[in-house]
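The exercises below are meant to be worked through with the sequence and the three-dimensional view side by side. Try each task before reading its solution.

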Amino acid sequence: MRTSDDQGRAVSACSSIYEEGALREVTGVAIRPGGLTLTDRAIGACGFIPAAELLDVGCGAGATVEHLCSSYGFIARGVDISLKLIAEGLGRTPSLSLTEAAAESLPFAAESMDGILCECVLSLLEEPLAGVLEFQRVLRGGGYLILSDMYNREPADDSRNGAVPRRQLEAWLFECGFTPLFWEDHSRLLRELAARLILAHGTLDGWCCVTDKAGIRPGYYLLVARKNDTENH
Ligand SMILES: C[S@@+](CC[C@H](N)C(=O)[O-])C[C@H]1O[C@@H](n2cnc3c(N)ncnc32)[C@H](O)[C@@H]1O
């Protein structure tokens, strides 16, 4: 859910749990199950050129942006709606390119990126389809979309936001002109993170608003899709 802060900026109702507190103490700077391991796995499946231009949407404190620049030599940028997390990332590494912006309205020209990453963010959007459409706009033809997130392993769920079933995610991708290249289930990483939280803090309370609705069998996925070339779409 999106609300506004006292200066009218968009904020996620869940933002504060990513900025500080129990979850951050357990995850560290990469605020998601699997950390950079899943990022590396996805990058290995994409055929990026050296110095490819990549955008991390919902970059949090910039862990992935920093890794993409320092370990791969990519030109990586990040956007997030949390000014606090952006300030944290810039405080750690001032040379990072981190900007305040929402996934549904990216401040980048059409067809300007070779790749977009969106790690543990899509399920937080009120209108995820608007986000996927925006990724399609900003990616070059043949560009790669890397998603990792919670999903609902209950296939009968017909929700249009939150942790949705795999078939809903794939339907959005087809609708927006993407071809999925691979899907992997990493639900074990979600269970491990939940176990670490319970061991450290004794509770999962307040962790994740995307699982608050009834009928959710939470899982975690890694997905790579490719934007169709215009002539194929
Ligand atoms: C689970 S954290 C993941 C952060 C980062 N991707 C990582 O893995 O370290 C979710 C992030 O999504 C951001 N977020 C939520 N809604 C957003 C939106 N509409 N546009 C951009 N970022 C958003 C939050 O501020 C938070 O940083």
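A residue is called buried if 20 or more other C-beta atoms lie within 10 Å of its own, exposed if 12 or fewer do, and partly exposed in between. The structure to which this is applied is a predicted model.

**Exercise 1.** Decide whether glutamate 111 is buried, exposed or partly exposed, and describe its backbone and its place in the chain.

*Solution.* Begin with the count, which for glutamate 111 is 14 other C-beta atoms within 10 Å. Residues between the limits of 12 and 20 are partly exposed, and therefore glutamate 111 is partly exposed. Next, locate glutamate 111 in the loop between E5 and E6. Finally, look at the backbone: glutamate 111 has a positive phi of about 55°, although it is not a glycine.

**Exercise 2.** Carry out the corresponding steps for alanine 51.

*Solution.* Alanine 51 has 10 other C-beta atoms within 10 Å, so it is exposed. Its place is the loop between H3 and strand E3 (53–57). The phi angle of alanine 51 is near 60°, a positive value in a residue that is not glycine.

**Exercise 3.** Find out which residues leucine 139 touches, leaving aside those up to four places away in sequence, and say whether leucine 139 is buried or exposed.

*Solution.* Start from strand E7, in which leucine 139 is found. Leucine 139 has 26 C-beta neighbours inside 10 Å and therefore counts as buried. Its contacts, with the sequence neighbours left aside, are Glu111, Met113, Ile116, Leu145 and Lys227. For one of these, glutamate 111, the C-alpha to C-alpha distance from leucine 139 is 4.6 Å, although the two are 28 residues apart in sequence.

**Exercise 4.** Trace the order of the strands in the open sheet, and explain why E5 and E8 each have one side without a neighbour in the sheet.

*Solution.* First read across the seven strands, whose order is E5-E4-E3-E6-E7-E9-E8, with mixed pairing. Strand E5 (97–100) and strand E8 (178–185) stand at the edges and have a single partner strand each, so that one side of each is left without a neighbour in the sheet. From one strand to the next, the twist averages 20°. At one end of the order, E8 and E9 pair in the antiparallel sense over seven bridges, and threonine 179 has arginine 226 in E9 as its bridge partner. Then add a helix: H7 (residues 166–175) packs on the sheet, where it touches E7, E8 and E9, and its direction makes about 160° with that of E8.

**Exercise 5.** Identify the buried residues of helix H3 (residues 35–45), and explain why they lie on the same side of the helix.

*Solution.* The buried residues of H3 are Leu38, Thr39, Ala42 and Ile43. They cover an arc of only 135° around the axis, which puts them on the same side of H3. An α-helix has 3.6 residues a turn, so residues three or four places apart point the same way. As a last step, look for what covers these buried residues: the elements include helix H4 (63–72), strand E6 (113–119), strand E7 (139–152) and strand E9 (218–227).

**Exercise 6.** State how many residues surround the ligand, and how they divide by character.

*Solution.* The ligand is surrounded by 21 residues, the closest being Ile31, Gly58, Gly60, Ser82 and Ala103. Sorted by character, the residues of this shell comprise 13 nonpolar, five polar and three charged.

Note on methods:
Residues numbered from 1 in each chain as written. Predicted model: local features only at pLDDT ≥ 70, side-chain atom pairs only at ≥ 80, totals over all residues. Near = placed C-beta within 6 Å. Nonpolar A, V, L, I, M, F, W, Y, C, P; charged D, E, K, R; others polar. Helix = DSSP H or I, 4+ residues; strand = E, 2+ residues; numbered from the N terminus. Arc of directions from axis to C-beta. Contact = placed C-beta atoms within 7 Å. Pairing = 2+ DSSP bridges. Axes fitted to C-alpha atoms, helices over the stretch in contact; angles between N-to-C directions.
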